[in-house]
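Below is a walk through a few local features of one protein model. The sequence and the structure come before the discussion.

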Amino acid sequence: CWIRPSPGECNTNGIGAGGMRKVLVTTVPFGDRVRLPLDLLEAAGVEYVINPLGRKLKEDELAEMAVDFEVLIAGTEPITEKVMSRAPGLRMISRVGIGLDSVDLLAAERRGITVSYTPDAPAPAVAELTIGLMFSLMRSIHVANAQMHMGEWRRHFGRRVSELTIGVMGAGRIGGRVLRHLAALGAGRLLVNDTNPECRLDSTMPGEWVEKDALYREADIVSLHVPLTAQTKNMVRREQLLGMKPDAMIVNTARGGIINEADLAEVLRAGHLGGAAVDVFCEEPYNGELSSIERCLLTSHMVSMSIDCRTRMEMEATEEAIRYLAGAPLQGVVPPAEYQVQREGL
């Protein structure tokens with residue numbers, strides 16, 4: 001059940017007047033630090049409602065909330081066949097971000113619903129925080145911080161980036177940035193693989209292409225930058241984790257479900273691996289077993305949440321929604337290859 005938003009959350013002029021409410025903004029926060037996306041909607045006379053629950057919506061909540069809307073400015077909530085069937089007037093989904101695993105693209109295609117996204121906007125923020133998580137693992141910053149807050153004074157030995165072999169799984173927009181950052185920082189050796197068999201490093205991309213097994217076996221840190229698909233779900237399980245060096249570390253800032261969370265907890269509790277950093281989870285908010293393991297660094301799906309990148313994501317998704325409502329050409333339409341990925345997963 002949800003309540004009608006307060007007047008400050010709803011605009012009822014122009015394009016959206018005199019009919020169904022036009023735009024439901026499901027992603028939160030939205031326009032909190034920089035109000036420009038809301039200003040754009042209001043300047044265009046678009047009627048909008050912002051998710052009144054203030055958190056990631058569950059499927060049933062979104063199905064109930066989306067009934068009267070033509071456009072969703074969406075986050076990572078599940079936009080399923082069920083949701084779409086409850087919203088007969090839905091014609092456009094403008095995704096704030098890059099991941100499409102939460103959107104049933106094939107259901108949207110059947111229903112004539114256009115889907116757009118903002119794949120480039122979050123990349124700088126995700127890459128930088130990924131590097132930050134690596135450094136925290138390398139020097140046990142998160143462990144020392146927790147111990148200090150409990151009144152314990154301990155000094156931890158760590159490792160330097162120039163002494164490490166770092167494996168990057170996924171050499172796309174974000175993985176490529178991570179590789180370039182690591183090269184600039186003087187990483188000892190960079191190993192690269194990608195789930196796309198046609199992907200190969202070009203002359204501008206640092207790193208050495210290796211097979212997946214070699215990447216897991218030889219890397220001191222493994223960083224994951226692949227989309228969540230039928231092929232990558234549970235890609236990193238007990239077998240892969242135990243195949244890593246006993247003191248190796250793993251970072252997941254891609255999508256929940258790529259690492260099997262139960263297997264990761266089991267392997268860490270058994271004393272294997274030097275640590276893990278996880279920003280994305282199968283169920284969010286997360287309150288599972290990893291939260292009780294000291295050397296597992298957890299963050300709250302916040303890798304894209306720099307002020308500039310979040311604002312760019314919101315602005316691009318908002319501009320696309322406005323273009324759709326105005327009948328103008330769209331700029332961020334999801335390409336056919338993304339639909340094919342979901343077809344192959346059936």
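**A buried glutamine, a pocket and a ring pair**

Gln 147 has a relative accessible area of 1%, so Gln 147 is buried, the cut-off for that class being under 20%. The model is a predicted one. Gln 147 belongs to helix H6. Apart from neighbours within four places in sequence, the residues in contact with Gln 147 are Glu 152, Arg 154, His 156 and Glu 294. Glu 294 is 147 residues away from Gln 147 in sequence, yet their C-alpha atoms are 9.7 Å apart in space. The two side chains make a polar contact at 3.5 Å.

Next comes a pocket. The second largest pocket holds about 210 Å³ of space. It is lined by 15 residues, and those closest to its centre are Leu 137, Ser 140, Met 249, Gly 274 and Gly 275. Two or more lining residues come from each of helix H5 (123-139) and helix H6 (141-149); helix H6 is also where Gln 147 lies. Sorted by class, the lining of this pocket comprises 5 nonpolar, 6 polar and 4 charged residues.

The last feature is aromatic. A pair of aromatic rings is described by the distance of the centres and the angle of the planes. The structure contains 1 aromatic pair. Its members are Phe 281 and Tyr 286, with ring centres 4.4 Å apart and planes at 15°. Planes under 30 degrees apart count as stacked, and therefore the pair of Phe 281 and Tyr 286 is stacked. Phe 281 has 8% relative accessibility and so counts as buried.

Key. Residues numbered from 1 in each chain as written. Predicted model: local features only at pLDDT ≥ 70, side-chain atom pairs only at ≥ 80, totals over all residues. Heavy atoms only, no water. 1 Å grid on protein atoms, 1.4 Å probe; cavity = no way out; pocket = protein on both sides within 12 Å on 5 of 7 lines; lining within 4 Å. Points joined across faces, edges and corners; volume = space filled by probe spheres on them. Helix = DSSP H or I, 4+ residues; strand = E, 2+ residues; numbered from the N terminus. Nonpolar A, V, L, I, M, F, W, Y, C, P; charged D, E, K, R; others polar. Buried < 20%, exposed > 50% of the residue type's maximum accessible area, 1.4 Å probe, protein only. Contact = heavy atoms within 4.5 Å. Polar contact = N/O pair within 3.5 Å; in protein donor to acceptor, adjacent residues only side chain to side chain. Phe/Tyr/Trp six-rings, centres within 6.5 Å; stacked < 30°, edge-to-face > 60°.
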